[in-house]
Each structure stands twice: as C-alpha cells, then as structure tokens.
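Take a walk through this fold, one region after another. Keep the sequence and the 3D view side by side.

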Amino acid sequence: MDEPACRACRGRIGHLVLDLGEQPACDYFPRCDDPGPDPVYPLQMWLCSLCGLAQLVADPTVPEEPRGAEPAALVAQAAEAVDRVAAAGLLPDGHRVVEYGSPHGGSWLGLLAQRGLRPVHGGEPAEVVLDCFGLMHAADQSAALADRTARVAPGGVLLLQYHSLGTIIRCGQWNALRHGHYAYYSTAALATMLAATGFSPRMAWRFELYGGTVLLAARREADAAHGPDGADGPDGPMRSLLAEDIRVGVRDPAVLGGLQRDAEARAKGLRDWLVAERSSGRTVLGYGAASRAVALLRWAGVDRSLMPAVVDASPAKQGLRMPGTDIPVVGPAQLAARKPDAVLLFVTDLLQEVRAAYPEVEADGGRWVDADALRS
Ligand SMILES: [Zn+2]
C-alpha cells in the first residue's frame, strides 16, 4: 500500500504494525431482522517513524454508535482523577473550564462545577482545558490538538487523558484498535505532538482504568517558568512514564507487531474454548456489546451456535445484533431466563459491577469468565 500521511506530523515514513483485515464498523449495530452481509472496511494500525504516533490507517465509516451505558468504573475513575488533579493545585475555585468530551461519556463537568469551576462555551478561552478520551476521535490529530491548546488561557493548563499505547502493548490489547479511534498515544508521542504547539507535559497521573490510563497536564513552554507549576521532578511520574515507553518499545514496529500474534492467539483460544463448552453441553452468553468485542468475535468466527446472545444493559442496543455476526444483543433479564453456565465478559473493568448487579448468574450455578484471559 502507499504510505499514509501521519495524522499528527504529516510524515509518510512508517510501518503497518497490525492488520485485522476487513471488519464491520464496530459502532454500527444492525437490527436483528437485517440479514446482512454488513459492509466491511480494512482495520489497520500504522506507526509513524517520525513522531511515533500509532494510528488508524483509513476510516471510511461514519460514527453511529448507540449510546452505551456509562460504566461505573469510568465514573469512579473520573472522581478519583478530579481529586488527584485538584490535590496538585490545578483546579482552583473560580477558574474557567472547557471540556472536549468523548462520545462514550465520562464528563467531568459536574464534578468540576462542585469545585467551583465555571464552564465556558463558544470559543472562549479557559484556564483549564480538559480532554478525556476525546482527542483520539479526531481524524486530523494535529488540527484537533492545536484547537485544544489554542483554548488554553495564558497560564492555563491542558489536561489530556488517554488509554496508553504502553498498556495496549503490555496487555496485548490488540482489539483496542477500532474504526473511529484514530490515535493510540504513547506519552513520548504525545509529548512530541504537544511540542509542535508550544506545549510540554509537566505532570502525569496513572489510573488502572482499561489496564492503564494516563492523565497528562501540559502547559505552554513560555509559562513553564512561572507560577505554582508543580512540575514533576526527575523521579516523578512523567519521567517514569517516558522511561517505561522506552522499556516497552512503543516506537519499535517489531514490538507493536506482537499485537498481530496476540490477536491470532486470542481468537483461536476463544474459538477453541467455545467449541469445547458447546461439546460439553454448556451454554455461554456474552456480556457487553462493546466495540472491542466486535473484532474478537469476527476473528474467532463466533456465531450464535457458539454464543446464542450477547447481554448488554443499554436499551439502545437491544433488538440489534453484533456487527458482522448473527448474534443478537439482549437485555439483562435474559441472564435469569436462560441460566447460562458461563457469561463471557468482554469488558474486564465491569467484573465487580456485573457480579453485584446480576447475582442470579452465580446463584444459578453460572460463572463470569474474562474474555481476554478465559478464566473465571
Ligand atoms: Zn507522525
């Protein structure tokens, strides 16, 4: 293929590191009575050799995601993050705030209003510009970042939260790659992107969400010398994140290529496991009609003979089917009705939440199984 132009630095030198073949749009859930076949598009990750940004190659799909239920894990993490950023002195009462949100929810504005921050609109600058998983949804990464940094008032701070590429590599999260998510950030690549707009990361926090989520606080280079800056010291989290990026090899195409082997192994493991469960007469339902389940089910060649339904709490997804498969999405009442022997959980972060919400699964002798680890 022709080398694409980098979404951040416009460079054309890089490597195709992950190719999941032709996949349906993971955010388009067809109705159950729509027989398909669903349109499919190439799903590939490319690593820019110049700036180090890992990115989606092409995205011919239009975002059309039924709004999912906001996971409690995301809500709890937002509260924790606000506490930690406030403790660092970055959220003073009375400051203006602009939020660039994610289509998947997780707004901080309610929490920030409780602390006396004032949301502004219509292009007005703000002392706190916040982006929680929003930036990855922009096809033009350099333009989107420039838009955010331009909103930062003099002396203000840009807060960027992202699922880190180091986590994706370390945990083999190959199915983080999806249409509509254009960028997969290492701290190092984001620092390079920020430098192009005259900003530099000053502080960082880590969270367990999605296996490893990072929140960076960045300021203008020109402001770095002023104020209660609170920049990390040489042993602070910023330095350790950058060191970890180097250790993991976030810029090494061969390291990222390991995701391809992870994908193949995971899909085969899932298929073998489901076939064995069926042979033993056990029923397995899925839980969580999430985007990351789509590529996994497709790659593993799972149909309703192996998994009769995927349960999802979002009423918007019920009556639909998993993209690219014949598996229907059903409501949580089916957990009690069908008494599955196992429920395969596609979103690991939800484990505590679903065990508490649906005690009938274990009460009826079923078990929750992590779809990644294939363990209870
Ligand atoms: Zn680049």
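Strand S4 (residues 96-100) and S6 run parallel, joined by 4 bridges. This is a predicted model. To find the pairing by eye, look for Val 97, which stands opposite Val 128 in S6.

S6 also pairs with strand S7 (residues 152-163). Here 6 bridges join the two, and they again run parallel. One landmark is Asp 131, which stands opposite Leu 160 in S7. Between S6 and S7 the chain passes through helix H3 (residues 141-150). The resulting β-α-β crossover is right-handed.

How much of strand S6 is buried? Strand S6 spans residues 126-132, and 7 of its 7 residues are buried. S6 therefore counts as mostly covered, since a residue is buried when its relative accessible area is under 20%.

Stay with S4 for a moment and turn to charge. Side chains of opposite charge can pair when their charged atoms come close. Arg 96 and Glu 124 do this through their side chains, in a salt bridge of 3.4 Å, N to O. The partners come from distant parts of the chain. Arg 96 belongs to strand S4, while Glu 124 sits in the loop between strand S5 (118-119) and S6. They are 28 residues apart. Glu 124 is partly exposed, at a relative accessible area of 31%.

The structure holds 15 salt bridges. Another of them joins Arg 321 and Asp 34, at 3.8 Å, N to O. Where do these two residues lie? Arg 321 is in the loop between strand S12 (310-311) and strand S13 (329-330), and Asp 34 is in the loop between S1 and S2. The pair therefore ties together parts that are 287 residues apart in sequence. Their surroundings can be read from accessibility. Arg 321 is buried, at 5% relative accessibility. Asp 34 is partly exposed, with a relative accessible area of 26%. Salt bridges with shared partners also bring in Asp 38, so that Asp 34, Asp 38 and Arg 321 form one network.

A local pair makes a useful counterpoint. The side chains of Glu 80 and Arg 84 meet in a salt bridge at 3.2 Å, N to O. Both lie in helix H1 (residues 72-87). Because they are 4 residues apart there, about one helical turn separates them. Glu 80 is partly exposed at 39% relative accessibility, and Arg 84 is partly exposed at 30%.

Now move to the metal. Which residues hold the zinc ion? Its ligands are Cys 6, Cys 9, Cys 48 and Cys 51, each through SG, at 2.2 to 2.4 Å. Along the chain these donors follow the spacing C-x2-C-x38-C-x2-C. Two of them show how the site links distant parts of the chain. Cys 9 is in the segment before strand S1 (14-24). Cys 51 is in the loop between strand S2 (40-48) and strand S3 (54-56). These two cysteines are 42 residues apart.

The geometry is tetrahedral, with angles of 100 to 114° among the 4 donor atoms. For comparison, the ideal angle for four tetrahedral donors is 109.5 degrees. Accessibility separates the two cysteines picked out above. Cys 9 is partly exposed, with a relative accessible area of 33%, whereas Cys 51 is buried, at 5%.

Notes:
Residues numbered from 1 in each chain as written. Predicted model: local features only at pLDDT ≥ 70, side-chain atom pairs only at ≥ 80, totals over all residues. Heavy atoms only, no water. Donors = N, O, S within 2.8 Å, 3.2 Å for Na, K, Ca; no water. Tetrahedral: all angles 85-135°; square planar, octahedral: opposite > 155°, others 65-115°. Buried < 20%, exposed > 50% of the residue type's maximum accessible area, 1.4 Å probe, protein only. Pairing = 2+ DSSP bridges. Right-handed = clockwise from strand over helix to strand, strands pointing away. Salt bridge = Lys/Arg side-chain N within 4 Å of Asp/Glu carboxyl O.
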